Amino acid sequence: MWLLIFLISANSIVWAADSQGYIGSPACARCHAGISKKYASTAMAQASGRASDLHLPDGQVFAAAANATYSASWQNSNRELRFHKRLADGTIVEGVKKLTYYIGSGAHARGFIFTEQGQPFQAPIAYYGAARGWDVAPGYQDETSIFLARKVETVCLNCHASGLNPSPTELFQEGAVSCERCHGPGESHVSAVQSGKPHDSLSIVNPLKLAPQQRDSVCAQCHLTGETRVLKPGRSETSFRPGDLLGQHVVPFVWASPDKAELKVVGHFEGLWQSKCKRASGDRLSCLTCHDPHTNVPDSEKVAYYRQKCLGCHQQSSCKLPAAERSLKNDSCIACHMPKRESTDGQHTAFTDHSIRRTADSGPQTSHSPELVPFWPLDTTERDYALAYADQSWQHPNAASIKQAHDKLLAAWSHSPGDPAVAAQLAYTWDVIGDRDTAETLYRQALKADPENLIALTNLGTHLAQKGQIAQADDLWRKALTINPGLTEPGLNLARGEAMEGHATEALEIIRRLLSLNPDSAAALKLLSAKGADARRQ
């Protein structure tokens, strides 16, 4: 009856921005007008914004797995998502959500955000630029229900916007990757300019002048997702500052031997590091060797532009193809060595393969190794490894992966007792194994250190409910839903708990809120029917 939960992303979402020293890109444009104007046309400068600023065609999408129809209405003052589904018993489930923000430049795709119960959620459809049309959003192809409960996380929004805010009516200060995301807080720099300090003492970060790993960390903060990313204790996705090492804040883990056939939407960084060019060049080769973040290279100039980049290291004679064959491809290096390929975790999108293969069809590996390693091993701890393996075990659950995660978490806990992330995930493995007493103790320890740990809030509530402590369980579930109203299991649990306490009207309201994000949930609809009858009898 009572449901446990494990969240792949278990960290509480903190929207509040640390704005210390940040002044916004308009302040930069006063002196750097030329660069600012060029940058405004780039994808990073158009990575997010208000949906009302876009002009897109209306569209309709049939989601086969969910047996539901989604419609995007774009021709009036409101940008709306509509959904419609006929259930097996003939019941019609339908509704409307107002789309408030977009995410993505449109070069490949744009996703959308709506607000529900004071929190931002992702819409299940997206507009694909290359296909010039609407379809289900990435990750929704296999959803068998109208799933509107995917809360927008800091890690996603932080790489499409700048200056995140706690208010859903104003999610961010800039709908772009701002100047200060790569150059650091600008307040002291502006003060130095205004005070007439010499140029070489101005306080601003130039990534090209940083030590190699700090330089690469600036790009990697968003372009290196790996298989999983583990936050360091006391850090968040927004705590990184240009000049820091990324590993001081978040540790990206990758497979020791990656599957070279896989091309992820955010896989450019890993691809480059796998390349022979990078291995041979070492720190001399970086993203900035070939890319100027401030400028878009026009399509008509790309072949010549990137050929010159290649000739910065290679010779004309390096290419062994006959001249006639090369001319068929406009003498393009990237056509052979960096072709566009379909992404394996997106739809209707093709991205440049940065692994710089000898030939476009050189034989790839077809599977990765089972070993996770930190992309940069500096200061990686036993705790980081344990949380990385725990994340993978829940994404790909089986007895062996859960046992592996459990053993690593157990070892990490022995060296880092009190760590809330380790405690909550180790507790869950004990739940799976069947040691409920140890699990409950660890959930309590997790909440003592982190009162907003969603795994611990939900699952400790389940433990208490099973012991008959319904009121205490309800308090925990209610708090979990305040943090993320889209959590189905705590919502169902709380509704049942309120009903058992004799609060049919309160249970009914909880179910209705749950259905606003899970409108065709069979369990919630069943409860609605039962508790609606109870409420009418009160």
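This report describes a three-stranded sheet, the helix that packs on it, and a further helix, H19, in a predicted model.

## The sheet

Three strands, taken in the order S12-S13-S16, make up an open sheet in which the pairing is antiparallel. At its edges lie strand S12, covering 228–231, and strand S16, covering 372–374, each of which pairs on one side only. Averaged over the sheet, and with direction ignored, neighbouring strands are turned by 35° against each other.

Strand S13, which holds residues 250–255, is joined to S16 by three bridges in the antiparallel sense. One residue pair can be named here, since Phe 253 has Pro 374 of S16 as its bridge partner.

## The helix on the sheet

Helix H13, made up of residues 382–395, packs on this sheet and touches S12, S13 and S16, while its direction makes about 135° with that of S12.

## Helix H19

Helix H19 runs over residues 488–500, and because each of its 13 residues is taken at 1.5 Å, the expected span is 18 Å, which agrees with the 18 Å that separates its end C-alpha atoms.

How many of the 13 residues of H19 are buried? The count is 10, so that the helix is mostly covered, where buried means under 20% relative accessible area. The buried positions in H19 include Thr 488 and Pro 490, together with Gly 491, Leu 492, Asn 493, Leu 494, Ala 495, Arg 496, Gly 497 and Glu 498. After the helix comes Gly 502, and the phi of Gly 502 is positive, near 90°.

Conventions: Residues numbered from 1 in each chain as written. Predicted model: local features only at pLDDT ≥ 70, side-chain atom pairs only at ≥ 80, totals over all residues. Heavy atoms only, no water. Helix = DSSP H or I, 4+ residues; strand = E, 2+ residues; numbered from the N terminus. Expected span 1.5 Å × (residues − 1). Buried < 20%, exposed > 50% of the residue type's maximum accessible area, 1.4 Å probe, protein only. Pairing = 2+ DSSP bridges. Axes fitted to C-alpha atoms, helices over the stretch in contact; angles between N-to-C directions. Contact = heavy atoms within 4.5 Å.
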